[in-house]
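Q: Hey, got a minute to go through this one with me? Let me pull it up so we're both looking at it.

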Amino acid sequence: MSDRRLSTRTPRKRVSRYFGLLFAFIFSSSLSFARVVILDPGHGGEDSGASAFFPSLNKKLLEKDIVLVYAEFLKKALEEKNIKVILTRQEDLFLSLQQRAALSHYWKADLFLSLHLNSSEDPKIGGLELFYLTPNSKEVREKIQKEAISGNSLYKKTPNPSLNSLLTEIILEHSVLSSKFLASKIGSTLEVGPLKEFGVTFRGIGPELFYVLAFTQRPSLLIEIGFFSNPEEREKLLLPEFQEQWAKAVAQGIELFFEEKVQDISLL
Ligand SMILES: [Zn+2]
């Protein structure tokens with residue numbers, strides 16, 4: 001009763017102004033955070049990744065710590081472009097590949113980027129490399145399907161093996177195509193920017209079997225930022241100027257990807 005009385009007493013103008021403000025708020029928040037990117041600093045906790053001794057600092061540095069710094073720079077650069085960013089870890093924490101990928105489902109992320117440093121027995125090898133998920137692997141298909149059946153409602157709605165395998169093909173084709181396109185955008189902005197300026201080789205874009213990319217089921221890349229095993233290159237990888245410019249170039253590539261992406265099939 002009192003509710004009803006209250007509503008009849010509420011002036012029409014006030015109600016419409018209230019809804020106007022509400023819609024403006026929803027609209028502006030959907031505009032400002034229209035895109036979601038998951039950044040995954042590789043390794044963490046007991047898993048340190050690559051390591052190298054820096055004589056200038058008189059200490060050993062670990063891949064898991066360096067990639068976290070890169071993730072934070074990239075987060076800042078993307079947020080400046082009004083892109084929402086979620087980090088899989090913000091501290092030195094061990095996470096399984098499934099846990100990392102699960103965040104992209106939870107946030108319905110548009111993109112997933114895993115950040116790593118490369119390592120080789122040959123200390124002369126250097127350069128940045130971008131990897132997307134190889135589409136030519138039976139193992140990848142099985143992983144996608146297994147993961148999807150356990151966590152994806154779309155698969156549960158169609159408990160038909162042939163439909164599920166068709167869905168797997170669609171997810172794979174869409175995410176691999178988009179990932180390659182994303183890699184081309186990020187690769188070109190990096191190549192003419194920080195890589196050129198700091199003399200870091202661009203090793204190119206290639207398909208690779210990385211399970212974390214299969215688990216995400218969406219456009220995703222693994223970026224090997226540089227070789228920690230190369231003494232000259234690892235010094236550059238520590239430079240805040242390189243880190244910042246690298247982040248700005250990657251963010252610009254992501255922005256171009258969002259602007260130029262023709263199709264936006266959201267299956268998940
Ligand atoms: Zn790594």
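A: Sure. One term before we start: a residue is called buried if 20 or more other C-beta atoms lie within 10 Å of its own. Also keep in mind that this is a predicted model.

Q: OK, with that cut-off, how many residues of α3 are buried?
A: 12 of its 17 residues are, so by that cut-off α3 is mostly covered.

Q: Which ones?
A: Going along the helix, they're Glu63, Lys64, Ile66, Val67, Leu68, Tyr70, Ala71, Phe73, Leu74, Lys75, Ala77 and Leu78. Two lysines are on that list, Lys64 and Lys75.

Q: And what does α3 span from its first C-alpha to its last?
A: It covers residues 63-79 and reaches 24 Å, close to the 24 Å expected at 1.5 Å a residue.

Q: What about α11, how far does that one reach?
A: α11 is residues 240-260, 21 of them, and it reaches 30 Å between its end C-alphas, close to the expected 30 Å.

Q: Which residues are buried in α11?
A: Phe242, Gln243, Trp246, then the run from Ala247 through Lys248, Ala249 and Val250 to Ala251, and after that Gly253, Ile254 and Phe257.

Q: Zooming out, how much of the protein chain counts as buried?
A: 40% of its 268 residues. The secondary structure comes to 11 helices and eight strands.

Q: Switching to the sheet: what's the strand order?
A: It's an open sheet of six strands, β4-β1-β5-β8-β6-β7, with mixed pairing. β4 (84-87) and β7 (202-208) are at the edges with a single partner strand each, so one side of each has no neighbour in the sheet. The twist averages 20° from one strand to the next.

Q: How do β6 and β7 run, parallel or antiparallel?
A: Parallel, with six bridges joining β6 (residues 128-133) to β7. Leu133 stands opposite Glu208 in β7.

Q: Are the contacts mostly local or long-range? What's the share at least 24 apart?
A: Of the protein chain's contacts between residues at least 6 apart in sequence, 81% join residues at least 24 apart.

Q: Last thing, what's the confidence like?
A: The protein chain averages a pLDDT of 83, and 76% of the residues score at least 70. Over residues 1-11 it stays under 50, and the model has one contact beyond four places in sequence for them. Residues 21-32 are also below 50, with one contact beyond near neighbours in sequence.

Definitions and conventions
Residues are numbered from 1 along each chain as its sequence is written. This is a predicted model: local features need pLDDT of at least 70, side-chain atom pairs count only at pLDDT 80 or more; totals for chains, interfaces and linings use all residues. Helices (H or I, at least four residues) and strands (E, at least two) are DSSP runs, numbered from the N terminus. The expected span of a helix is 1.5 Å times one less than its number of residues. Two residues are in contact if their C-beta atoms, placed from the backbone, lie within 7 Å. Two strands pair if DSSP finds at least two bridges between them. Axes are lines fitted to C-alpha atoms, for helices over the stretch in contact, and angles run from 0 to 180 degrees between N-to-C directions. pLDDT is the predictor's confidence in each residue, from 0 to 100.
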